[in-house]
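Here's a quick briefing to read with the structure open in your viewer. It goes topic by topic, so feel free to jump around.

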Amino acid sequence: MTELKANRRLVLGDVVSITLSAALAVLLTVTGSAQKQLLPAILPFAALACVCGLVIFPLAGFYRRDTRSTSLRDIVVLLKGALLTSVSLAILSRFNLVTASVPIPVVIVQFYLAVPALGALRVIARGRELTRQSRHLKEKEVDSRIPVLLVGTGASCDLFLRSLRNTGSRYLPVGIIDDARNTQGLYFHDVQIIGTLRDPENVIERLSHWNVLPQRLLLTEPTTHFDSDGIQKLTVWASGHGVTVSRLHGLEDLGSPDLGEGQNMRTVDPDDILDRPQKAVERSLLFEVFKGRRVLVTGAGGSIGSELTRQIASFHPAEIVIIDNCEFNAYSIDMDLSQHFPDVPRRMYVASIVDADRVNSIFRQHRPELVFNAAALKHVPIVELNPCEGVLTNVVGSRNVADAAREIGALAMVQISTDKAVNTTNVMGATKRVAEFYVQAQDRITNETEERTRFFSVRFGNVLGSSGSLIPLFQRQISNGGPITITDPKMERYFMTIREAVQLTLVSAASGLKFDTSQGEIFVLDMGKPVKIVDLAERMIRLAGLTPHQDIKINFIGMRPGEKLFEELFDKSEARADCGIPGVSAARPEGVPIARLRAMILKLELAARCQNGSLVNQLLRDLVPGYGTKTSCAVEPAKVGASAAWSGAKEMTVKLPIPPHAVLRPVGAPEVLSTG
């Protein structure tokens with residue numbers, strides 16, 4: 001009775017179907033005068049079929065399964081029940097004088113009519129449920145799902161795709177790579193098969209023309225199930241294009257005794273802890289800008305620089321010039337490019353951007369058209385303890401790169417900045433802010449002199465997965481059993497993935513060239529709401545299958561020098577503008593005159609080379625509005641005026657040669673625009 005009550009609509013449909021099939025079978029099977037003789041028997045015969053169905057269908061298990069789980073296996077139950085009903089109808093009709101005259105072929109036709117009718121009812125019920133679920137999913141943010149490319153069409157893939165239709169999954173399949181031949185163009189469920197692993201070159205060629213690449217390559221079976229050569233080439237392609245490779249665990253993996261506790265722990269992906277959809281850009285725009293162009297990247301071996309270099313290489317530039325101060329990083333990215341993009345010409349230099357002569361020599365030799373300055377010292381506490389090195393790399397180095405880009409007439413230079421430069425309380429943020437000032441001033445020179453070199457800045461939040469970021473630290477602390485160390489329970493940050501950071505950088509160069517005026521735009525990604533660090537830590541603990549504050553403790557150790565509780569994306573003095581990129585805004589600061597900037601940067605350079613940290617901090621306070629007003633920012637507070645600071649610099653016993661590119665002017669002298 002419970003089954004009948006739960007499926008009352010289906011029961012009613014089955015009764016109507018079996019009754020109508022019996023009556024229709026008589027009309028279709030018997031013709032002529034015999035049909036007229038059987039007309040009185042039609043209603044009793046149909047009523048008898050109805051009674052047989054009401055008794056046999058529940059006993060056969062017709063209503064034991066929920067219609068939402070209807071599958072091909074239910075056909076067997078359907079055939080058995082319909083056959084048993086027809087046999088019972090044939091036997092019972094012999095014991096009734098009115099229905100005894102109905103010939104046996106009528107019962108056979110009734111069976112063939114009943115089976116499709118009963119099946120159609122279940123298909124309709126299942127279809128209505130799928131439509132309802134689909135409508136429910138569309139009401140949610142479907143665009144927030146992660147686009148994935150599936151590999152394999154086995155049972156795990158089948159179950160995975162079925163589950164997507166029944167749940168609000170965070171994944172959006174955009175294609176399937178089959179492990180069999182001759183299936184390209186077909187659909188597995190609702191997802192198109194784009195190629196086969198037995199022809200990986202064709203698959204990779206097709207993927208290279210996709211306007212938006214998937215964010216994840218999902219293997220639905222162990223790699224041993226696939227063609228070894230094909231899966232290797234595909235994973236190498238994914239690695240070179242910033243596409244994460246993941247394995248879809250099958251049911252046989254759950255609770256497997258072969259997996260130890262450490263192996264059962266999930267590898268945390270930035271997608272898992274980024275509590276918003278990743279931003280994606282159209283590759284067609286980037287192809288137009290980078291294809292056939294000479295590109296130079298500083299800091300190319302770092303976490304941001306290496307991904308930036310790989311992404312640029314995928315757009316077939318004429319040449320990539322790599323500059324990195326770390327020999328191992330330069331070697332690593334060079335080997336990476338040789339493996340993933342062997343056809344792209346490249347030149348690798350181990351050099352420091354602090355050395356202006358070396359930078360100018362490289363620029364004059366290769367004459368890059370697009371320049372990306374990713375070289376920087378970015379760790380807040382370390383730069384706080386080493387302010388002179390922070391100034392030399394982040395300020396002087398950025399100036400050297402910008403000046404070299406203008407000298408050789410590059411199309412654009414993009415400066416990688418940070419949200420810590422806004423209302424900063426630390427040396428790292430202050431040095432990055434000065435670099436923003438200089439890049440903006442250079443762009444305004446372009447506007448006023450009608451030169452062609454454009455200058456932009458890209459302001460990042462915290463980049464998940466980059467070297468020195470929270471994810472590797474928290475993962476290491478979790479694997480060691482805790483505790484996780486956090487500076488303050490109220491601390492929150494804006495987060496973005498390496499892929500987002502790199503794509504923002506690339507699209508900023510592409511779209512910035514289309515601006516009519518040169519105002520030194522700073523491009524800022526819409527990173528959603530800031531995330532509390534403690535919430536991120538708890539999420540990572542749960543993803544590892546553990547309980548926060550029980551299995552893994554969280555300790556609060558207090559704020560470090562230079563840190564802020566909250567970060568900001570825009571300064572109050574910056575005018576925000578629409579840059580035409582969805583999810584990206586352009587900030588246009590008021591700026592600092594180029595003459596004052598050059599003079600102050602020269603003072604900073606001289607003080608930094610003499611390792612005078614106090615003077616460096618004082619000069620940064622004089623140049624960066626708001627810096628130094630917070631007690632947490634000072635390393636060695638030097639409470640002297642700007643004139644006294646400069647007097648101290650002039651009285652240094654160390655004699656330093658003035659760089660040939662430096663332009664010195666008295667403070668009161670009128671500003672002169674210069675390309676030097």
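In this predicted model, strand β5, residues 216-219, is covered on both faces. R216 and L218 sit on one side of β5, L217 and L219 on the other, and all of them are buried. The bullets below start with the neighbours of β5, then turn to salt bridges, a helix and a couple of backbone oddities.

**Strand pairing around β5**
- Strand β1 (residues 146-151) runs parallel to β5, and 4 bridges join the two.
- If you want a spot to check that pairing, go to L150, whose bridge partner in β5 is L218.
- Strand β6 (residues 244-247) also pairs with β5 in the parallel sense, over 4 bridges.
- For this pairing, look at R216, whose bridge partner in β6 is T244.
- L218 and R216, the β5 residues named in these two bridges, are both buried and lie on one side of the strand.

**Salt bridges**
- The model has 13 salt bridges, counting a side-chain nitrogen of Lys or Arg within 4 Å of a carboxyl oxygen of Asp or Glu.
- One of them joins the side chains of R293 and E369, at 3.5 Å from N to O.
- R293 is in the loop between α11 (283-290) and β7 (294-298), while E369 is in the loop between α14 (356-366) and β10 (370-373), so this contact ties together parts that are 76 residues apart in sequence.
- R293 is partly exposed, with a relative accessible area of 24%, whereas E369 counts as buried at 15%.
- That pair isn't on its own: R293, R294 and E369 are linked in a network of salt bridges.
- Another salt bridge connects R364 and E407, with 2.8 Å between the closest N and O atoms.
- R364 belongs to helix α14 and E407 to helix α16 (residues 387-407), so here the parts tied together are 43 residues apart in sequence.
- Both ends of that bridge are partly exposed: R364 has a relative accessible area of 47%, and E407 has 41%.
- E436 and R433 form a salt bridge too, their closest N and O atoms being 2.9 Å apart.
- This one stays inside helix α17 (residues 427-449), where the two residues are 3 apart, or about one helical turn.
- As background, an α-helix has 3.6 residues a turn, so residues three or four places apart point the same way.
- E436 is buried at 2% relative accessibility, and R433 is buried as well, at 5%.

**Helix α4**
- Helix α4 covers residues 74-93, which makes 20 residues.
- From first C-alpha to last, α4 reaches 28 Å, close to the 28 Å expected at 1.5 Å a residue.
- Its buried residues include D74 and L78, and further along G81, A82 and T85.
- Also among the buried residues of α4 are S86, S88, L89, A90 and S93.

**Positive phi outside glycine**
- Most residues other than glycine have a negative phi.
- N423 has a positive phi, near 45 degrees, and is not a glycine.
- You'll find N423 in the loop between β11 (412-418) and α17, where the residue counts as partly exposed at 26% relative accessibility.
- Q611 is another residue other than glycine with a positive phi, this time near 60 degrees.
- Q611 lies in the loop between α21 (594-609) and α22 (613-623).

Note on methods
Residues are numbered from 1 along each chain as its sequence is written. This is a predicted model: local features need pLDDT of at least 70, side-chain atom pairs count only at pLDDT 80 or more; totals for chains, interfaces and linings use all residues. Side-chain values use heavy atoms; hydrogens and water are left out. Buried means under 20% relative accessible area, exposed over 50%, partly exposed in between (1.4 Å probe, protein chains only). Two strands pair if DSSP finds at least two bridges between them. The expected span of a helix is 1.5 Å times one less than its number of residues.
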